[in-house]
Each structure stands twice: as C-alpha cells, then as structure tokens.
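Work through the following exercises with the sequence and the model side by side. Try each task yourself before you read its solution.

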Amino acid sequence: MNSVTTATVSLGAVTIGLGILAWHLTKWWKTGGKGGGPGAPGGGGRDPKALIPLLSSMSLGMIAITAAGGLIGTAAGFLLNSGSLIGNWSLTAATGTVTPEVTRSGLKALSPGGCALLCIYFVVCTALWKSGAKILKGKIAAGVTAGVMLGLSAGFSGMASVALVTITNTVGDKITGVVL
C-alpha cells in the first residue's frame with residue numbers, strides 16, 4: 001500500500017488557491033465591520049474570528065491532499081487535477097506563460113492515527129457545512145479548494161501544510177493509541 005500521495009501541483013493550481021485566499025481576505029478586510037475601512041484605527045473593526053471557517057477548511061484541504069488514497073484522498077486528488085487544468089489554461093490564456101510543476105520535495109505522509117484524525121476532522125467540517133448558512137457553506141467549500149491547491153506547493157503554504165500534517169499525525173497517534 002502506498003502511504004504517500006503521488007499527486008503533483010502546478011503553478012496554475014497554486015494560482016487558483018492563492019486567488020481564493022486573496023478574494024476572501026480582501027472581502028474580510030474591506031467589510032471589516034463597525035469602525036470604517038482600512039484607515040480606521042484598530043484595524044477597522046475586523047474580527048479575526050470571521051476567518052475561522054475559511055482557515056479551518058483550508059487546513060482540511062491541506063491535510064486531505066496528503067492522504068494517499070481512499071475516498072478523501074481520491075476526491076482531493078481529483079479536485080487538485082481539475083484545478084491544475086483550469087489554472088494552467090487560465091495562466092496560459094491570460095499571460096502566455098508556461099505553468100511548471102511546483103510540488104515540494106519530500107512529501108510528508110499521514111500516519112494511521114493521522115488518517116483517523118483526518119476522517120474525524122472531515123466529519124466535523126461536513127457537519128458544519130450541512131448545518132450552516134449559505135455564506136458559511138461557501139467559505140468552507142472555498143477553503144477546502146484553496147487548501148487542496150496549496151497543500152503540496154513548494155512555497156510558504158506547503159511549509160504550513162507540512163506543519164499541519166505533523167500536528168495531525170502527532171495528535172492522531174496520541175488519541176488513537178497508535179504506536180509505530
């Protein structure tokens with residue numbers, strides 16, 4: 001059984017992931033709540049808690065793309081491949097540039113306990129998505145998509161994914177009692 005994903009990420013997929021993140025951060029910044037816009041004292045009343053659905057679902061996507069297979073890993077791989085195709089076409093059509101692969105080397109694999117925790121986290125996010133309002137559903141879907149697109153990249157988001165996978169493995173192994 002393969003324990004490491006064989007998925008690769010292209011510049012087009014990373015561009016889509018960063019675009020989704022930029023879109024949501026810009027909306028959060030611009031509509032920061034009471035207190036005005038960017039020049040207002042105290043950050044314009046922006047509540048960091050408003051980013052929790054997006055960032056927590058991004059974490060799910062980053063962890064899910066490291067799954068070697070199964071339903072979650074296969075779905076994440078399909079989403080990544082679709083994003084790579086669309087992103088590569090978009091970059092080539094818009095700018096005429098080439099879209100190289102930007103997959104980080106030395107991919108981190110999920111341990112059995114990490115996989116169990118991924119399944120639990122998936123259930124929690126699915127329950128939140130099912131019970132949430134339309135805007136929450138959109139943030140969760142966008143976050144998972146961005147996380148999948150950014151999770152294997154060689155850039156900063158890829159380093160964040162390595163940290164997330166390490167934490168997932170450690171906590172999952174401790175909770176489930178897996179000793180390797």
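**Exercise 1. Find out why Cys119 forms no disulfide, and describe the surroundings of the cysteines.**

Solution. Begin with the distance: in this predicted model, the sulfur of Cys119 lies 7.0 Å from the closest cysteine sulfur, which belongs to Cys115, and this is too far for a bond. The cut-off that the step needs is 2.5 Å between the two sulfur atoms, so a separation of 7.0 Å does not meet it. Next, look at the total, which agrees with this reasoning, since the structure holds zero disulfides. Cys115 is likewise in no disulfide, the nearest cysteine sulfur being that of Cys119. Finally, consider exposure: Cys119 counts as partly exposed at 43% relative accessibility, and Cys115 is partly exposed as well, with a relative accessible area of 32%.

**Exercise 2. State how many helices and strands the protein has, and what share of its residues is buried.**

Solution. Counting the elements gives six helices and zero strands, and reading along the sequence therefore gives the pattern α-α-α-α-α-α. Of the 180 residues in the protein, 38% are buried. Now turn to the contacts between residues at least 6 apart in sequence: among these, 80% join residues at least 24 apart.

**Exercise 3. Compare the span of helix H3 with its expected value, and list what covers its buried residues.**

Solution. Helix H3 runs over residues 70-95 and has 26 residues. From its first C-alpha to its last, H3 reaches 37 Å, which is close to the 38 Å expected at 1.5 Å a residue. The buried residues of H3 include Ile72, Ala76, Leu80, Gly83, Gly87 and Leu91. To read such a list, it helps to recall that an α-helix has 3.6 residues a turn, so residues three or four places apart point the same way. The cover over the buried residues of H3 includes helices H1 (11-30), H2 (52-64), H4 (112-131) and H5 (134-150). Just after H3, Gly96 takes a positive phi of about 75 degrees.

**Exercise 4. Is Ala13 buried or exposed, and which residues is it in contact with?**

Solution. First place the residue: Ala13 is found in helix H1. With a relative accessible area of 0%, Ala13 is buried. If its neighbours within four places in sequence are left aside, Ala13 is in contact with Leu80, Gly83, Ser84 and Met149. As for distance, the C-alpha atoms of Ala13 and Ser90 are separated by 10.0 Å, although the two residues are 77 apart along the chain.

**Exercise 5. Carry out the corresponding steps for Leu164, beginning with the helix in which it is placed.**

Solution. Leu164 has its place in helix H6, which covers residues 156-176. Its relative accessible area is 22%, and Leu164 is therefore partly exposed. Its contacts, apart from neighbours within four places in sequence, are with Ser59, Met62 and Ile63. The C-alpha atoms of Leu164 and Met62 are separated by 7.7 Å, with their positions 102 residues apart along the chain given as the separation.

**Exercise 6. Describe the largest pocket by its volume and by the residues that line it.**

Solution. The largest pocket has a volume of about 330 Å³. Of the 16 residues that line it, the closest to its centre are Leu60, Phe122, Thr126, Ile140 and Val144. H2, H3, H4 and H5 each supply at least two residues of this lining. Sorted by kind, the lining residues comprise 14 nonpolar, two polar and no charged.

How values were computed
Residues numbered from 1 in each chain as written. Predicted model: local features only at pLDDT ≥ 70, side-chain atom pairs only at ≥ 80, totals over all residues. Heavy atoms only, no water. Buried < 20%, exposed > 50% of the residue type's maximum accessible area, 1.4 Å probe, protein only. Helix = DSSP H or I, 4+ residues; strand = E, 2+ residues; numbered from the N terminus. Expected span 1.5 Å × (residues − 1). Contact = heavy atoms within 4.5 Å. 1 Å grid on protein atoms, 1.4 Å probe; cavity = no way out; pocket = protein on both sides within 12 Å on 5 of 7 lines; lining within 4 Å. Points joined across faces, edges and corners; volume = space filled by probe spheres on them. Nonpolar A, V, L, I, M, F, W, Y, C, P; charged D, E, K, R; others polar.
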